[in-house]
Amino acid sequence: GGPVFDILTGVSIHGGIEAAWPNLHVTARTTVDALAGQWQAHGLPVYAQFDNDTRFAGVHGFADRLGQVVRFCLAQGVVPVFAPVRESGFQNAIESYNARWKAKVWRRFFFPGFDDVVAASERYVAASRARLAARIEAAPSRRPIADGPSIPASTIVYLRRTDGEGATRLLGQLIEVDSGWPHRLVRVEVDFDERSIRCFALRRRAPDEQPLLRELPLAGRVGRSW
């Protein structure tokens, strides 16, 4: 009977730092604000993995348009990584955390209003970080957010599965990866500095073996002037 709202959640691989941001409307702008606050407090990760929601990835289907979240990550030197569409396993860490948040917060209390949801979530996140304090302290150190301009990243990584012809689609392009690699996972690196797209084979059983399948030029006008 209350208002409809969103919960933006995040969890770090190293340290297990958990975060949750209840918001009446999660947008690309509120996501950037949440990331900025998180990284100001804990430092910058090497990469940040997202699902393919347009609030994170931007409008799908255009080679020369990047969303606010992607541009923010690149400007901070953080590589955005997008999980495969409708694939299990790659988002296990965040899905596990989402289940814990729902069990420990949403299903445990009655909330007279939205502000009570925010307060309960903040208490849970604080308690979680206190419980994991030793693990968080032992995690590898991170780069701080620079006060001025930083060295931007130039690469976005897309994890995708090819179709029956060994092709996949991203940034408004049909990428013909390898006809001998149909219905298989690939890691696609889009490098805006080198204006290239590199496609690597990706095997769950051998994650360290990722041979290059194809490299091709990047179409569109996206470059350093995001």
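Two strands pair if DSSP finds at least two bridges between them. In this predicted model, that criterion yields an open sheet of six strands with mixed pairing, and within the sheet Tyr-47 stands opposite Val-79 in β4. The briefing below covers the sheet, two of its strands, the largest pocket and two arginines with a positive phi.

**The sheet as a whole**

- The strands follow the order β3-β4-β5-β8-β9-β10.
- The edge positions belong to β3 (47-50) and β10 (212-217); each has a single partner strand, so one side of each is left without a neighbour in the sheet.
- From one strand to the next, the twist averages 20°.
- Helix α3, which spans residues 68-75, lies across β3, β4 and β5 (155-161). The helix runs at about 140° to β4.

**The edge strand β3**

- Strand β3 runs parallel to β4 (residues 79-82), and four bridges join the two.
- Besides Tyr-47, which is set opposite Val-79, Gln-49 of this strand stands opposite Val-81 in β4.
- In a regular strand the side chains alternate between the two faces of the sheet.
- Such alternation appears along β3: Ala-48 and Phe-50 point to one face and are buried. Tyr-47 and Gln-49 point to the other face and are not buried.

**The strand β8 and its neighbours**

- On one side, β8 (185-191) pairs with β5 in the antiparallel sense over seven bridges.
- Strand β8 is also joined to β9 (196-201) by six bridges, and these two strands run antiparallel.
- Val-190 takes part in both pairings: it is the bridge partner of Ile-156, and its own bridge partner in β9 is Ile-197.
- Seven of the seven residues of β8 are buried, so this strand is largely enclosed by the rest of the structure.
- Leu-185, Arg-187, Glu-189 and Asp-191 point one way from β8, while Val-186, Val-188 and Val-190 point the other way. Both sets of residues are buried.

**The largest pocket**

- The volume of the largest pocket is about 1200 Å³.
- Its lining comprises 40 residues, of which Gly-10, Val-11, Ala-48, Gln-49 and Ile-94 are the closest to the centre.
- Ala-48 and Gln-49 thus link the pocket to strand β3, where their side chains point to opposite faces.
- At least two lining residues come from each of β1 (6-11), β2 (18-23), α1 (28-42), β3, α2 (54-57) and α4 (92-106).
- Helix α1 gives the most to the lining, with six residues.
- By character, the lining divides into 22 nonpolar, twelve polar and six charged residues.

**Two arginines with a positive phi**

- Arg-86 has a positive phi of about 55°, although it is not a glycine. This residue lies in the loop between β4 and α4.
- The relative accessibility of Arg-86 is 81%, and exposed means over 50%, so Arg-86 counts as exposed.
- Arg-195 likewise is not a glycine and has a positive phi of about 55°. Its place is in the loop between β8 and β9.
- The two strands flanking Arg-195 form a hairpin with four residues between them.
- At 27% relative accessibility, Arg-195 falls between the cut-offs of 20% and 50% and therefore counts as partly exposed.

Methods: Residues numbered from 1 in each chain as written. Predicted model: local features only at pLDDT ≥ 70, side-chain atom pairs only at ≥ 80, totals over all residues. Heavy atoms only, no water. Axes fitted to C-alpha atoms, helices over the stretch in contact; angles between N-to-C directions. Contact = heavy atoms within 4.5 Å. 1 Å grid on protein atoms, 1.4 Å probe; cavity = no way out; pocket = protein on both sides within 12 Å on 5 of 7 lines; lining within 4 Å. Points joined across faces, edges and corners; volume = space filled by probe spheres on them. Nonpolar A, V, L, I, M, F, W, Y, C, P; charged D, E, K, R; others polar. Buried < 20%, exposed > 50% of the residue type's maximum accessible area, 1.4 Å probe, protein only.
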